Amino acid sequence: MREARLAWSGGGGPAGPAAFFLAAITLAPLAIGPSPELLAAAGPGLMGFAALLSVLQSAERLYGDDFSDGTLDLYVLTPAGLSLLCLAKTLGQGVATLWPLPLIALLGGLMYGVAPLSSLMLAAALAAAIPALVLIAGFAGALAAGIRRSGLLIALIAAPMMVPVLIFAAGAGRAGFEGDERALANLLLTAAVSLGTVALVPFGIAAAVRSRLG
Amino acid sequence: MAVCFGGVLTGVRARCNAVFRALTNAPRSGDMRSMTTAFADFPDMSAFSPRPLAASGLCLSRGGVRLVERLDLDLAPGGALLLTGPNGTGKTTLMRALAGFVRPDAGTIGIDGQAPEAVAADMLGWLGHVDGLKPNETLRRALRFWAGLHGTPRTAILPLMRLMAIDVLIDRPAGQLSRGQQRRAGLVRVALANRPLWLLDEPAGPLDGAGRERLAELVAWHRARGGSVLAATHQLLDWPDAQTIDLGDYR
């Protein structure tokens, strides 16, 4: 809860990632060209990719700030359990900053000429992907906390781990576009990856935090 | 009251009273009645069960440089220990080792006979060299958050803030406060954690004279409850019956 509130008060809340995401998906067609078939085909993949980038964009602040202002020391010394605290913190921040992304993806899908139902599928897939993306970015952020210009390191650590989520989430939208029944399977796989990260990654984050404080 | 002889200004008298009160409440005063009257302004928190801190043969290094060589220390419940020594002699490193953040090269640390990593979360009130405040968060929200996390009732927040004379700042974002005011808020947070063993890194660093007296009162209250305090400091803190270790002697 506190993280969600802090993310709101400290630096524009969801405006940053949302603006980034919006800019990415509106500028991409200008680069790709005006062919409607091409745009509709590339749309879901583009949006999945743009979502990934906007998650990475805020990953540096998530643990870097807490490291430098001493909050991480205090989190380690609370009886609540560091893993649980990290899970709450990361998800809270993620939900607070990234909630507009599925909505924008829905509109973006329509804008790209993807059928409404497929756009809905894409939005749902992104919503399912966000917990996984945020937690993986949080893990990388915790590993790199306290390092100057940690953004590059975070991208290098997190990007490979985000590959499955990207494939499944974008796959759901793409399969939906092609009228394929694999769309639902992809969506469920995305949700499964997300649940898996919720269960496992907090322990990784807690271990990373402890090692960074040493 | 002899110290106040000739003190015509009420401010001076108030200051002397504060020192006097702190002095007369040395930890061994077992008289509960005098304790409750002397600490009437403090929130009502129960006494701690005794948790001694001990370290023996401690060797610590940082960045490959050996800082502390074969240090022994003992901190009994109700006691106070001041770490002094020039910059870079390992005061902070020692405190981080006692809190379980850093592993010592050699030697043992026991909080109530157990390893610090295992019990630190239930035993320690920690004030690092930064206060753990968020620039955009008001003190009210920050302190409520920490009180909730440590299971301390919110009603303790305001009396403690009043004691540190920052109660009027309760709705100000921490980023707008001076360093000394932030330090006072950090001390309130430590008290709210309601843990028997306080590790304070430069608690008086940015504090003014009045702030140092309020810190002394806070520490006296904590010790009267059976808590103990270990503080790294460059200031002269005249806490009653405090041992001093000069880390410069352990190089």
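Biologist: In this predicted model, what makes E2, E1 and E4 of chain B a sheet, and how are the strands paired?

Modeller: Two strands count as paired once DSSP finds at least two bridges between them, and E1(B), residues 53–62, is joined to E4(B) by 5 bridges, with the two running antiparallel. The 3 strands form an open sheet in the order E2-E1-E4, and the pairing is antiparallel. B:Ala55 of this pair of strands stands opposite B:Ile109 in E4(B).

Biologist: Why are E2 and E4 of chain B said to stand at the edges?

Modeller: Strand E2 (65–75) and strand E4 (106–111) of chain B each have a single partner strand, so one side of each is left without a neighbour in the sheet. From one strand to the next, the twist averages 25°.

Biologist: Which helix packs on this sheet, and at what angle to E1(B)?

Modeller: H3(B) packs there, touching E1, E2 and E4 of chain B, and its direction makes about 125° with that of E1(B).

Biologist: Why is H3(B) called mostly covered?

Modeller: A residue is buried if 20 or more other C-beta atoms lie within 10 Å of its own, and in helix H3 of chain B, residues 91–98, 7 of the 8 residues are buried. The buried residues are B:Lys91, B:Thr93, B:Leu94, B:Met95, B:Arg96, B:Ala97 and B:Leu98. The helix is followed by B:Gly100, whose phi is positive, near 85°.

Biologist: Turning to the other sheet, how do you know that E3(B) pairs with both E7(B) and E8(B)?

Modeller: The requirement is at least two bridges; strand E3 (residues 80–84) of chain B has 4 bridges with strand E7 (residues 228–232), in the parallel sense, and 5 bridges with strand E8 (residues 242–246), also running parallel. B:Ala80 illustrates both pairings, as this residue stands opposite B:Val229 in E7(B) and has B:Ala242 as its bridge partner in E8(B).

Biologist: What is the strand order of that sheet, and which strands stand at its edges?

Modeller: The order is E5-E6-E7-E3-E8 of chain B, an open sheet of 5 strands with parallel pairing. E5 and E8 of chain B stand at the edges, each with a single partner strand, so one side of each is left without a neighbour in the sheet. The twist here averages 15° from one strand to the next.

Biologist: How do you know that E6(B) and E7(B) are paired?

Modeller: Strand E6 (residues 197–201) of chain B and E7(B) share 5 bridges in the parallel sense, against a threshold of at least two, and in E7(B) the bridge partner of B:Trp198 is B:Val229. H8(B) packs on this sheet, touching E3, E6 and E7 of chain B, with its direction at about 145° to that of E7(B).

Biologist: What makes H7(B) and H8(B) roughly parallel?

Modeller: Helix H7 (residues 179–193) and helix H8 (residues 209–224) of chain B pack at an angle of about 5°, with their axes 11 Å apart. Angles under 35 degrees count as roughly parallel, and that makes H7(B) roughly parallel to H8(B). B:Gly180, B:Arg184, B:Leu187 and B:Ala191 in H7(B) meet B:Gly211, B:Leu215 and B:Leu218 in H8(B). By class, this contact has 4 nonpolar, 2 polar and 1 charged residues.

Biologist: Which elements of chain B supply residues to the side that touches chain A?

Modeller: Helix H4 (116–123), strand E5 (124–127) and helix H5 (139–150) of chain B each supply at least two residues of that side. The contact involves 20 residues of chain B and 15 residues of chain A, and the chain B side divides into 11 nonpolar, 4 polar and 5 charged residues.

Biologist: How do you know which residues have the most contacts inside the largest nonpolar core?

Modeller: Membership requires buried residues of the nonpolar core types joined through C-beta atoms within 7 Å; the largest such core has 136 residues, and those with the most contacts inside it are A:Leu126 and A:Leu133. Helix H7 (residues 116–143) of chain A gives the most to this core, with 20 residues. Leaving aside neighbours within four places in sequence, A:Leu126 is in contact with A:Gly48, A:Ala51, A:Leu101, A:Pro102, A:Ala105 and A:Ala169.

Technical notes
Residues are numbered from 1 along each chain as its sequence is written. Chains are lettered from A and ligands numbered from 1 in the order in which they are written. This is a predicted model: local features need pLDDT of at least 70, side-chain atom pairs count only at pLDDT 80 or more; totals for chains, interfaces and linings use all residues. A residue is buried if 20 or more other C-beta atoms lie within 10 Å of its own, exposed if 12 or fewer, and partly exposed in between; C-beta atoms are placed from the backbone. Two residues are in contact if their C-beta atoms, placed from the backbone, lie within 7 Å. Axes are lines fitted to C-alpha atoms, for helices over the stretch in contact, and angles run from 0 to 180 degrees between N-to-C directions. Ala, Val, Leu, Ile, Met, Phe, Trp, Tyr, Cys and Pro count as nonpolar, Asp, Glu, Lys and Arg as charged, and the others, Gly among them, as polar. Angles under 35 degrees count as roughly parallel, over 145 as roughly antiparallel, 65 to 115 as roughly perpendicular and the rest as oblique.
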